[in-house]
Amino acid sequence: MSRVIKRLTTAWGDASLMMDLVTAATAADEKQREAAVALLPIGSFEQHVDFLPLITDTVVASAIARNISRAYPTLLLPPITISCSHEHASWRGTVSSRTLYQIVADVAVSLTRSGVEHLVHINGHGGNYRSVLCAMVKPFMAAGRRFPQSR
């Protein structure tokens, strides 16, 4: 195993790094921030050969979302880890779900109720786009509209 991969897998196993990828903001922090945009990292829990963590796509999406949230006043949501990994179903450790569409739609509605106007999906797994996220937006685009409170 290369030194780079060894460093990555060692770092990803570090709880402090994982905690850095999710928000520790309080309700008071969010009230003060008054974010109009929420960031939703969407990854997967699947094989990435024998030496990368099953949560690799989620870590990548979360790191991107975290960096955006540090640069702009956004609401950083916790990542969705269980998603559409049907193409990897035969690999041990892969977990997949058929409910990603409904979860993301529910999150968008919930955010709207709490005053957050836009939801940005930070997708870390190609299967999510092909299987679900693209399907969410297509009907609205065909009708000349955007997916409600979502980009």
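Ser 69 lies in helix α4, which covers residues 56-71. Helices here are DSSP runs of H or I with at least four residues, strands are runs of E with at least two, and both are numbered from the N terminus. The model is predicted, so local features need pLDDT of at least 70 and side-chain atom pairs count only at pLDDT 80 or more, while totals for chains, interfaces and linings use all residues. Residues are numbered from 1 along each chain as its sequence is written, and side-chain values use heavy atoms, with hydrogens and water left out.

**Ser 69 and Arg 66 in helix α4**

Ser 69 has a relative accessible area of 18% and is therefore buried. Buried means under 20% relative accessible area, exposed means over 50%, and partly exposed lies in between, for a 1.4 Å probe and protein chains only. A polar atom of the Ser 69 side chain lies 2.8 Å from the backbone oxygen of Arg 66. When neighbours within four places in sequence are left aside, Ser 69 is in contact with Leu 39, Thr 74 and Leu 76; contact means heavy atoms within 4.5 Å.

Arg 66 also belongs to helix α4, and its relative accessibility of 13% is why it counts as buried. Its side chain joins that of Asn 67 in a polar contact of 3.2 Å. A polar contact is a pair of N or O atoms within 3.5 Å; within protein, one must be able to donate a hydrogen and the other to accept it, and residues adjacent in sequence count only if both atoms are side-chain atoms. Not counting residues up to four places away in sequence, Arg 66 touches Asp 20, Leu 21 and Leu 76.

The buried residues of α4 are Thr 56, Asp 57, Thr 58, Val 59, Ala 61, Ser 62, Ala 65, Arg 66 and Ser 69. An α-helix has 3.6 residues a turn, so residues three or four places apart point the same way. The 16 residues of α4 should span 22 Å at 1.5 Å a residue, and the end C-alpha atoms are 23 Å apart, which agrees. The expected span is 1.5 Å times one less than the number of residues in the helix.

**The sheet**

Three strands form an open sheet in the order β2-β1-β3, with parallel pairing. Because β2 and β3 stand at the edges with a single partner strand each, one side of each is left without a neighbour in the sheet. Two strands pair if DSSP finds at least two bridges between them. Strand β1, residues 37-42, is mostly covered, since five of its six residues are buried.

Six bridges join β1 to the parallel strand β3, residues 118-123. Leu 39 stands opposite Val 120 in β3, and the bridge partner of Ile 42 in β3 is Asn 123. On β2, residues 75-76, the parallel pairing with β1 runs over two bridges, and Leu 39 stands opposite Leu 76 there. The chain crosses from β1 through α4 to β2 in a right-handed β-α-β crossover. Right-handed means that, with the strands pointing away from the viewer, the path from the first strand over the helix to the second runs clockwise.

**Loop residues**

Three loop residues are set out below by their accessibility.

| Residue | Loop | Relative accessible area |
|---|---|---|
| Val 22 | between α2 (15-20) and α3 | 28%, partly exposed |
| Glu 34 | between α3 (27-33) and β1 | 66%, exposed |
| Gln 47 | between β1 and α4 | 10%, buried |

Glu 34 has a positive phi of about 50 degrees, although it is not a glycine. Most residues other than glycine have a negative phi. The C-alpha atoms of Val 22 and Ala 65 are separated by 9.2 Å, with these positions 43 residues apart along the chain counted as their separation. Gln 47 and Asp 57 are 10 residues apart along the chain, and their C-alpha atoms are separated by 10.0 Å.

**The chain as a whole**

The chain has six helices and three strands. From the N terminus on, these elements run α-α-α-β-α-β-α-β-α. Of the 151 residues in the chain, 36% are buried. Among contacts with a separation of 6 or more, 71% come from residues 24 or more positions apart. The chain exposes about 9,000 Å², of which carbon and sulfur atoms supply 59%. Accessible areas come from the Shrake-Rupley method with a 1.4 Å probe, and for residues only the protein chains shown count as cover.
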